[in-house]
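Please examine the model shown here with attention to how its chains are related and how they meet.

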There are 4 protein chains.
Amino acid sequence: MLAEIKGLNEECGVFGIWGHPDAAQITYYGLHSLQHRGQEGTGIVVTDGDNLKGLKGEGLVTEVFQEGSLDPLQGNGAIGHVRYATAGGGGYDNVQPLLFHSQSGGLALAHNGNLVNANALKHQLEQQGSIFQTSSDTEVLAHLIKRSGYTSFKDRVKNALTMLKGAYAFLIMTETEMMIALDPNGLRPLSIGKLGDAYCVASETCAFDIIGAEFVRDVEPGELIMISDEGLKSERFTVSSGCSMCTMEYVYFSRPDSNIQGINVHSARKRMGVQLAKEAPIEADVVTGVPDSSISSAIGYAEASGIPYELGLIKNRYVGRTFIQPSQELREQGVKMKLSPVRGVVEGKRVVMVDDSIVRGTTSRRIVSMLKAAGAKEVHVCISSPPIKNPCFYGIDTSTHEELIASSHSVEEMREIIGADSLTFLSVEGTLEAVGRKDPSENRGQCLACFTGKYPTEIYPDTLHPYEKELVR
Amino acid sequence: MLAEIKGLNEECGVFGIWGHPDAAQITYYGLHSLQHRGQEGTGIVVTDGDNLKGLKGEGLVTEVFQEGSLDPLQGNGAIGHVRYATAGGGGYDNVQPLLFHSQSGGLALAHNGNLVNANALKHQLEQQGSIFQTSSDTEVLAHLIKRSGYTSFKDRVKNALTMLKGAYAFLIMTETEMMIALDPNGLRPLSIGKLGDAYCVASETCAFDIIGAEFVRDVEPGELIMISDEGLKSERFTVSSGCSMCTMEYVYFSRPDSNIQGINVHSARKRMGVQLAKEAPIEADVVTGVPDSSISSAIGYAEASGIPYELGLIKNRYVGRTFIQPSQELREQGVKMKLSPVRGVVEGKRVVMVDDSIVRGTTSRRIVSMLKAAGAKEVHVCISSPPIKNPCFYGIDTSTHEELIASSHSVEEMREIIGADSLTFLSVEGTLEAVGRKDPSENRGQCLACFTGKYPTEIYPDTLHPYEKELVR
Amino acid sequence: MLAEIKGLNEECGVFGIWGHPDAAQITYYGLHSLQHRGQEGTGIVVTDGDNLKGLKGEGLVTEVFQEGSLDPLQGNGAIGHVRYATAGGGGYDNVQPLLFHSQSGGLALAHNGNLVNANALKHQLEQQGSIFQTSSDTEVLAHLIKRSGYTSFKDRVKNALTMLKGAYAFLIMTETEMMIALDPNGLRPLSIGKLGDAYCVASETCAFDIIGAEFVRDVEPGELIMISDEGLKSERFTVSSGCSMCTMEYVYFSRPDSNIQGINVHSARKRMGVQLAKEAPIEADVVTGVPDSSISSAIGYAEASGIPYELGLIKNRYVGRTFIQPSQELREQGVKMKLSPVRGVVEGKRVVMVDDSIVRGTTSRRIVSMLKAAGAKEVHVCISSPPIKNPCFYGIDTSTHEELIASSHSVEEMREIIGADSLTFLSVEGTLEAVGRKDPSENRGQCLACFTGKYPTEIYPDTLHPYEKELVR
Amino acid sequence: MLAEIKGLNEECGVFGIWGHPDAAQITYYGLHSLQHRGQEGTGIVVTDGDNLKGLKGEGLVTEVFQEGSLDPLQGNGAIGHVRYATAGGGGYDNVQPLLFHSQSGGLALAHNGNLVNANALKHQLEQQGSIFQTSSDTEVLAHLIKRSGYTSFKDRVKNALTMLKGAYAFLIMTETEMMIALDPNGLRPLSIGKLGDAYCVASETCAFDIIGAEFVRDVEPGELIMISDEGLKSERFTVSSGCSMCTMEYVYFSRPDSNIQGINVHSARKRMGVQLAKEAPIEADVVTGVPDSSISSAIGYAEASGIPYELGLIKNRYVGRTFIQPSQELREQGVKMKLSPVRGVVEGKRVVMVDDSIVRGTTSRRIVSMLKAAGAKEVHVCISSPPIKNPCFYGIDTSTHEELIASSHSVEEMREIIGADSLTFLSVEGTLEAVGRKDPSENRGQCLACFTGKYPTEIYPDTLHPYEKELVR
């Protein structure tokens, strides 16, 4: 929900399981724990060994799947997907898993991430006679597999993957097999778990905890894993380009109970808050965090600074799709929606307000102004990550420089715009330090492109085709 | 949501406004902020000076009222109600406000609390020929007003109120007037606010913050307030028996951003945590709270004890009415629903788990066992209120001694049942101390009946009629 | 559906069964067959011997009751109701059966007809302290039963019935008994059937055919029938005033497969057509009827006149609540909704268009104009009943003289308004003749008040209270 | 609805309009009038000159399109489709119009009929790398157009059409043009109309009457019509093989108010009844038809035989998707669903029951048994078409010989199975005679394959692929 406020949207989460008699139900609970990664739509495809059957729809997991709707999805293997929340769109067709039938068998695809050369590939494929049913980049993979000259399915998949550039965590399922592929940079998280004898795979480890599965290991960049009734096999479809895990997964996207590459997200966030208190010591009376994602860093800040942590902002639960938005008039009269300040806590106080990031600045401005209206004497905004100056092309919805306030404003200008008494960002080094590496000898790098502009892959922003832009929005 | 887990359910919240052109919309936002007080059903009645019009239904505020459904509710005065979540229901008829039409005019009623002599009154009224349409105790007031011998409406209302015993915060609305009545013990919270020139009234002050209104004052026990286009007048229908505010409002029910009798709920909770750390110092590695209601006290405990506060438990959002419950089998395989432990935080640690209260003990047992399964070395349960040994007859859904584990077990027995390494409750004195009084000279007492068994009013538990018991459950 | 076009609406149908293990399901099918008598709302109340349980809602039988929704309605006795379609409503509260709970037991009521002294009775009851929850006249009976001084339930019911004036077919159910009462004039149809050992009762005999029950006999005017596990007993609560069956039941309301007082409705209608052809011989090429209610009389006309019967008008099925109404502009461009003419049949022809009645005249005008636009050379409108000049106070929705074109216009004036080449009505005598009496010695009279103005009971039109008028509309 | 009973299902209806500002609305009304041709799903695609936008869904026209849902479909051109009702079926993906986006523009397809070589074409296309999203034969056309070597869109379409075999009435729409194609045998009806300056096209002329359009002419077999803002142009993509209009359109499928190739359907049916009375004179008391499709022929039979026509069978309206089906037990107790006999009409009578066709015989047996249970002394079944002995491969859902009772039983055997006193079929010659030709010099032949086994095209029944068979059912 806060995602909408902020303008930072993760593109999707995936979950799969192989070898469990209740594969669809388990996938339902897995997807439910990944709901924060996408609220636009969701789907599950299941195989009973002979046929692929799917159900998908627009909305939340609990909206699309209702009592009884999983009953027809019988089978031992399943993959599922949650899709991120856009304003208008994409529609039913783009909800994943995509499911293809052909006379030689079925194919289901679930994808987290974003391909940077999808439009070029699409153009070529259409020239050769392919017809695309969706406006999603994911469908490209199906066509590449179909058209690959290789004989074995595995070789066709590997062949197809080599043509893709960008970020992708793919689940691919046929009637008899599940495949898992991660891009050579490992830009998006993807982990393997075990539930009894069944293998499972998820964008975040929190899904394993919810279903009672054990974490086994993370998928390696450039790895292709094949799971079937014969068990799990692993190959590489390419040499890893060196891991570049999205830093924003730690800062904002992932659930605090997930571990990404062995690092607990809540703990990383708390360390960011601690680091921030070191980098920016402030004299104040209370520390407060913007719920939900900044609670951990705010507590870290409070502990490190010795300033008491208080609930200065409350998030309204129950604000869903059907909430009647207040008219502009009522909004001006002071009707609040998603967040409200706690007057009893902030009145007359100097407040340190910890937030995880600033995208357009509008949310920060609104919160600062709320806190001041509720009587805060000073509001010091402390951001537990560096300024986001560059768009992400790997699956996060900040597509243009124009939308990013930090790309065109200094910190002081931003401070003035949001009306804070001070504004501090965590340094890039501090961020890396706070995330921490289990073992520096391992190749566990971070993607810092949105802060630094150094993208780990080539970028083809000019290939976006007009009709896709429109459909995507 | 957690309410369901715990078995402690508040019976309702009320909101009203008079003198605002968007009375129904404002009431919608007010009710939305009180949603935690009741999720079973909700309704709004509005007056345009000539007629009362209402809309109500079973479900959440955002489910009952959808885009456009408030449009027909035009008028300057409105009252609304949220009703607590029971399993089977009560049904549509019992959703409030109750709305009565007669040839001499309409009457709408919204009620928070519970009458203890409702059945005796009902019996008498039925003997005299009255027909009740609902199984709610609230309807009694309408019949008493109707049958009162007095001429003026105000006198009829006062006359009727004198026959009621128990807990009630009533909103009463006719075409031309809104009345507000609080029982002589002031058992439930009720506050007056102002939004521009309009008066508003709400069960909790958080509703004022959401709509941008100013807090004016709390309603006094035994007070009858009349609001019309002539303004606000106040009278007493009885001498106050001395205020006995429900202590559980501070401990558990109210939103942390509400102030009850001038005391901020979050701050009171934090003080409970502080007090608990003083009364029960424990050697441990991390402090964690059970979300959402125990976060404040856990933070207080952490600050006072110096043990770091961590996110050891995560609440699953999006678990609503339509969530597909896992089968017993899947549950035993470890599928979790509303809460999940954060392995990365608790593994190998000695954990202080702060919770607000224990009702049946089943939730505590489940959480302790989750934490241990996630690797916690020790789990010390610290409850930020005294043991609940006695049922509440004033509007909280703990109707029998049998359901209350503390009524028949010692603390040590409870500790064993829930499987904790230690179990501590806050003392009654510590609870009172932590809530705190703004001014001891004011008559600001607390109802402690569920802890001590000393009820501030007479109790007629034997008058509960079989059919009502059934319908209520 | 046509009902809406015409402005003639039956107020309700009732169905009940006692002694069948699937009482609710059987009632569902019974109500479904009576759906033409009311589309606004429907409900079923069932008794399992100890408790009354009900389910009701606004909409069609198939909308209110869905797969699974009858499951909780277990019991051997049930009554049900379908309510007529009004524009705005009446709302949920007025949907029947009405269900009342009291400490001495429950009471369910289902009513077809209209009381003419309901407002006077209501006024008196409210003076005595009664509160009405609905704006329906039906609720009066519950209050009268409640307040009756008699001891036995049967005597209370009889006592209450003596105070009612107007038209009523009542089904009354307690936990242990079903009662059936018909007004002393027998204005509305009501028949008893048997399904195995179970007794059933319905507004029309078509319900018996649908559920596979046998017709036993019609309920007598002024009769009170009591059905319980002891069997069926009959008493009279008053001497019959002489039967006055509503003639419009034959002409328009009832289903053609129903028998009313032993006379098949289709056959009666066909005889009306035959009689019409005798009274009004016309030179024409084709006879066509307005579907659905005038098909029988049109066929009768065709057979008697020797002019071939053709499908000159088609009714659009599937036009329900959710049909998107064409804008005025599209309507003027010729978009049709409920009826369309068959050009291939009427083009260049002299058409006899048989319809059952004219209320406001707007429908007739529209149909004549359609037929002419489709090429009909002449359109002769033949109405198989006399002009409706007077409002009905017994349960048919023609409440004012103003709405009835025949009350202020001559036949020639009407002909001109509707644009027909000729307009003929069946005579009152011809109507009676066509309906036919099985046995003239039996007291089987007809109510002809809407044609003749001779009402079989007193009428108190001035007692309608403003708020009721509003609510009713 | 009866379609379901009978097991004869038309596969779809199409409607299109070009040059009208309310294209989507008009299409909605057009589709609504074609609802009898398909109840499984429906969709509309509209063009505003730059983009194609569509909305489709499973269910009736009034279910898929609700108030407001047409608002986003702005544009001057639109095509729409209604899809036939299968039990499990086909799902959202197969609902038409199919809509394809590519970097060179969009393409929408609506199809009535069935291709007999779709599987062979699909196989070939998949070999070449095409991926099919639907299991419908319609999608083949899109891929053929896409892969055609020709440059101009018109040439590509013509080229693609030459590869198709079977029955098809196609509407093809791009952003700037609508194309209409009819198969060389003209197996399915398709007509052109005009609404003001706008051209429209529909499967049946009744759609023109509903929207107020004028009939212009029928589309010719092998004709390709192109409509754009430049007006209408016609070409031939092949020489017609001689028209073979499906005879069942006259007998059963089409609405009685439609004209097919200049012949009114009701009139043709009435002539079938007349012819039947000539071929099979029977001594009886009443004639009755099975509603709705056999009413016309029953009336014809009655007029020709002099036996009075009566309503002996009533169809229950309001039996939709959500109707709760009676349990087997209740069905055996006599609960009826779609049809019920009119006891008052048939009791003690010798009944001629006219029906249009017999597919599996189960419906006929049920109706005969109902009539006898209602007291009919004799039941003579007269079928207004010849025995259906052969499956249809052109878009009617009688896919196997096994399902067709007439393919393996003599008339006398069938009579015995259905329990009738006599059973008569109209002769093939009588059927042709009754349908009638406006002008024998015109090439207006009929397809009689289901009666005679003489198929007007090649048939490849063995090409049906397993997965398609399953999906289709």
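The report below takes up symmetry, the contact between two chains, and the nonpolar cores.

This is a predicted model, in which local features need pLDDT of at least 70, side-chain atom pairs count only at pLDDT 80 or more, and totals for chains, interfaces and linings use all residues. Residues are numbered from 1 along each chain as its sequence is written, while chains are lettered from A and ligands numbered from 1 in the order in which they are written.

Chain B is superposed on chain C by a rotation of 179 degrees with 0.1 Å of shift along the axis, at an RMSD of 0.0 Å (a least-squares fit on C-alpha atoms of residues with pLDDT of at least 70 in both copies). The two copies are thus related as by a two-fold rotation axis, and S130(B) is the residue of chain B that comes closest to that axis, its C-alpha lying at 2.8 Å.

Between chains D and C, 50 residues of chain D are in contact with 50 residues of chain C, contact meaning C-beta atoms, placed from the backbone, within 7 Å. On the chain D side, α2(D) gives the most, with five residues; helices are DSSP runs of H or I with at least four residues, numbered from the N terminus. That side divides by residue class as follows.

| Class on the chain D side | Members counted | Residues |
|---|---|---|
| Nonpolar | Ala, Val, Leu, Ile, Met, Phe, Trp, Tyr, Cys, Pro | 21 residues |
| Polar | the others, Gly among them | 19 residues |
| Charged | Asp, Glu, Lys, Arg | ten residues |

Leaving aside neighbours within four places in sequence, L171(D) is in contact with V14(D), G16(D), I79(D), A110(D), M178(D), I180(D) and V201(D).

Methods:
Two residues are in contact if their C-beta atoms, placed from the backbone, lie within 7 Å. Helices (H or I, at least four residues) and strands (E, at least two) are DSSP runs, numbered from the N terminus.
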